[in-house]
Amino acid sequence: MTTEAQLEAQFADTIEAKDRIEPRDWMPEAYRKTLIRQVAQHAHSEIIGMQPEGNWITRAPSLRRKAILLAKVQDEAGHGLYLYSAAETLGASRNELTEKLIAGKQKYSSIFNYPTLSYTDVGTIGWLVDGAAICNQVPLCRTSFGPYGRAMIRVCKEESFHQRQGYELLMTMMRGTDEQREMVQESVNRFWWPALMMFGPPDDDSPNTAQSMEWGIKTHTNDELRQKFVDMSIPQAEALGVTFPDENLKWNEERGHYDFSTPDWDEFWSVVKGNGPCNDQRIAHRKRAWDEGAWVREAALAFAEQSAEAAAPAQTGSAPGQTGSSPATTTEETAK
Ligand SMILES: [Fe+2]
Ligand SMILES: [Fe+2]
């Protein structure tokens, strides 16, 4: 018999050795809960994040831009699904998590509560928002929970395409007219601060960070990642020919990093609490899609059950070596 203390010691050894915790392994309840909260918040962000850009699909300036944006928004749906699957291995179903999102009991990234005012914002979101997501997510490829880390590897590859398409869009506009250059600068001005806030509150106001780092869920603090993003973005802005709206942005020789102003944390908390420009709209839209899709989920489940029933007698009568008919397996998978 393995005692609770032995299980805890095994868990601690695995974390210490930077090995993965897998769904069937024993884990402390608090570790499971923290992960469910984080993975759910991440999944919700991918799904809600489809809305600000999805808003522009029907108004793309060319077929090429439309194809790129469609592919990008579709990728985000895929990211959401990988992540809901990862959460499912922790015992939290996609239904349960979506209900919590709609009821306002779980959060998503506050950046998606800002509006997209022109097609330029598609470029800025790709460059800065997907760029910030990459900074956040690359270290998560080595997170201690196996399914989450493995989902992140594929997600990050796709995020890098997202960032490049955004940068390329802005670069194209910067080669255009004065008016187009102004549109890029205006869009960058609007997204810069919300992008910096994507890394979460400052370290001294982030009570869960220390525990998450101890468990290997997080490997860098919010402020470390924010600094990395600032340092990375400035040369890109210079190459593009835009500036960021911060007069304190300058290279600090001593620190070996760029200095920058403190984001407006009051605005951040206000948006997190539901008072951003688009919070109500985002949740209302998600709720409508969820309600309107109820019949699809019901039909898929009923079909899976019927197929399983139909396949059952055939299985008992089948000769050795003839395993259960594949249609049942296939439909069950489709129903998930
Ligand atoms: Fe994504
Ligand atoms: Fe993305």
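Leaving aside its neighbours within four places in sequence, with which residues is Ser109 in contact? The close-up views below are taken from a predicted model, and the first of them takes up this question.

**View 1. Surroundings of Ser109 in the loop between helix H5 and helix H6.** Apart from neighbours within four places in sequence, Ser109 is in contact with Ser45 and Met198. The loop that holds Ser109 runs between helix H5 (94–102) and helix H6 (120–137). Ser109 counts as buried because its relative accessibility is 16%, and buried means under 20%.

**View 2. Coordination of the iron ion (ligand 2).** Glu76 (OE), Asp130 (OD), Glu159 (OE) and His162 (ND1) coordinate this ion at 1.9 to 2.2 Å. The angles among the 4 donor atoms are 89 to 158°, and the site is irregular. Along the sequence, the donor residues follow the spacing E-x53-D-x28-E-x2-H. Glu76 also serves as a bridge between the iron ion (ligand 2) and the iron ion (ligand 1), the two ions lying 3.4 Å apart. Asp130 belongs to helix H6 and His162 to helix H7 (residues 146–174), so the pair ties together parts that are 32 residues apart in sequence. Asp130 is buried, with a relative accessible area of 4%, and His162 is likewise buried, at 0% relative accessibility.

**View 3. Salt bridge between Arg150 and Glu22.** The structure holds 15 salt bridges. In the one shown here, the side chains of Arg150 and Glu22 meet at 2.8 Å, N to O. This pair links distant parts of the chain, 128 residues apart: Arg150 lies in helix H7, and Glu22 in the loop between helix H1 (4–16) and helix H2 (29–48). Arg150 is partly exposed, with a relative accessible area of 43%; Glu22 is partly exposed as well, with a value of 25%.

**View 4. Salt bridge between Glu186 and Arg190 within helix H8.** The closest N and O atoms of Glu186 and Arg190 are 2.8 Å apart. Both residues lie in helix H8 (residues 178–197), separated by 4 residues, about one turn of the helix. Glu186 is partly exposed, with a relative accessible area of 40%, and Arg190 is partly exposed at 25% relative accessibility.

**View 5. Salt bridge between Asp259 and Arg255, and a salt-bridge network.** The side chains of Asp259 and Arg255 meet at 2.9 Å, N to O. Asp259 is partly exposed, with a relative accessible area of 25%, and Arg255 counts as partly exposed at 41%. Elsewhere, Glu53, Lys72, Glu76 and Asp130 are joined into one network by salt bridges that share partners.

Technical notes:
Residues numbered from 1 in each chain as written. Chains lettered and ligands numbered in written order. Predicted model: local features only at pLDDT ≥ 70, side-chain atom pairs only at ≥ 80, totals over all residues. Heavy atoms only, no water. Helix = DSSP H or I, 4+ residues; strand = E, 2+ residues; numbered from the N terminus. Buried < 20%, exposed > 50% of the residue type's maximum accessible area, 1.4 Å probe, protein only. Contact = heavy atoms within 4.5 Å. Donors = N, O, S within 2.8 Å, 3.2 Å for Na, K, Ca; no water. Tetrahedral: all angles 85-135°; square planar, octahedral: opposite > 155°, others 65-115°. Salt bridge = Lys/Arg side-chain N within 4 Å of Asp/Glu carboxyl O.
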